[in-house]
Amino acid sequence: MVQVQPAGLVASLSPNPVAGMLTLRWSKAYNKPLKYTVVSSTGSVLMQGSVAAGSNHLSLQVAHLPQGMYRLVLLAPEESRTLSFLKQ
């Protein structure tokens, strides 16, 4: 599991490495929707979407991605976090 613990938003990804379903959890629910982006090691945007206001987790199916390293960027109101994961 990768965990980032800055002063504000705390986010974690599991399992890591991942073969199928990736779960992202963060420390607090926001009253506005959050956005996420999955980026390849070459900088290509492969997945993106939004998370409903009030939620504090997201499950993504990543089985279709080739093996390799990726970054998941979570954009919350007034802050963002980037976490890396390995697709097996």
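A residue counts as exposed when its relative accessible area is over 50% and as buried when that area is under 20%. Take Glu-78 in this predicted model: its relative accessible area is 87%, so Glu-78 is exposed. You'll find Glu-78 in the loop between E7 and E8. Glu-78 also has a positive phi of about 70°, although it is not a glycine. For background, most residues other than glycine have a negative phi, and most peptide bonds are trans.

**How far to trust it**

The mean pLDDT of the protein is 91, with 92% of its residues at 70 or more. Among the elements, strand E4 (residues 34–40) has the highest mean pLDDT, 97, while strand E1 (residues 2–4) has the lowest, 53.

**The open sheet**

Four strands make up an open sheet in the order E5-E4-E7-E8, with antiparallel pairing. At the edges sit E5 and E8, each pairing on one side only. Ignoring direction, neighbouring strands here are turned by 15° against each other on average. In the antiparallel pair of E4 and E7, six bridges do the joining, and Val-38 stands opposite Leu-72 in E7.

Over in strand E8 you'll meet Thr-82. Is Thr-82 buried, exposed or partly exposed? With a relative accessible area of 42%, Thr-82 is partly exposed. Its C-alpha atom is 6.4 Å from that of Arg-71, though the two residues are eleven apart along the chain.

**E2, E3 and E6**

Now for some other strand pairs. E2 and E3 are joined by a hairpin through six residues, and the two pair in the antiparallel sense over four bridges. Within that pairing, Ser-12 stands opposite Arg-25 in E3. E3 also pairs with E6, again in the antiparallel sense, this time over five bridges; Thr-23 has Ser-59 in E6 as its bridge partner.

The loop between E2 and E3 is worth a look for its prolines, among them Pro-15 and Pro-17. Both come after cis peptide bonds, as the table shows.

| Peptide bond | Form | Omega |
|---|---|---|
| Ser-14 to Pro-15 | cis | near -10° |
| Asn-16 to Pro-17 | cis | near 15° |

**The nonpolar core**

The largest nonpolar core has 23 residues, and those touching the most other members are Leu-24, Trp-26, Val-38, Leu-60, Val-62, Leu-72 and Phe-85. Strands E2 (11–14), E3 (21–26), E4, E5 (45–51), E6 (57–61), E7 (68–76) and E8 (79–87) each give two or more residues to this core. Which element gives the most? That's E7, with four residues.

Leu-24 is a handy place to start if you're clicking through contacts. Leaving out residues up to four places away in sequence, Leu-24 touches Ala-11, Ser-12 and Leu-13, then Asn-56, His-57 and Leu-58, and also Leu-72, Leu-74 and Leu-83.

**One aromatic pair**

The count of aromatic pairs comes to one. The ring centres of Tyr-70 and Phe-85 are 5.5 Å apart and the planes lie at 20°, so the pair is stacked; the cut-off for stacked is planes under 30 degrees apart. This pair links distant parts of the chain, since Tyr-70 is in strand E7 and Phe-85 in strand E8, 15 residues apart. Tyr-70 and Phe-85 are both buried, and Phe-85 is also one of the core residues that touch the most other members.

How values were computed. Residues are numbered from 1 along each chain as its sequence is written. This is a predicted model: local features need pLDDT of at least 70, side-chain atom pairs count only at pLDDT 80 or more; totals for chains, interfaces and linings use all residues. Side-chain values use heavy atoms; hydrogens and water are left out. pLDDT is the predictor's confidence in each residue, from 0 to 100. A nonpolar core is a set of buried Ala, Val, Leu, Ile, Met, Phe, Trp, Tyr and Cys residues joined through side-chain atoms within 4.5 Å. Buried means under 20% relative accessible area, exposed over 50%, partly exposed in between (1.4 Å probe, protein chains only). Contact means heavy atoms within 4.5 Å. Two strands pair if DSSP finds at least two bridges between them. Axes are lines fitted to C-alpha atoms, for helices over the stretch in contact, and angles run from 0 to 180 degrees between N-to-C directions. Rings of Phe, Tyr and Trp (its six-membered ring) pair if their centres lie within 6.5 Å; planes under 30 degrees apart count as stacked, over 60 as edge-to-face and the rest as tilted.
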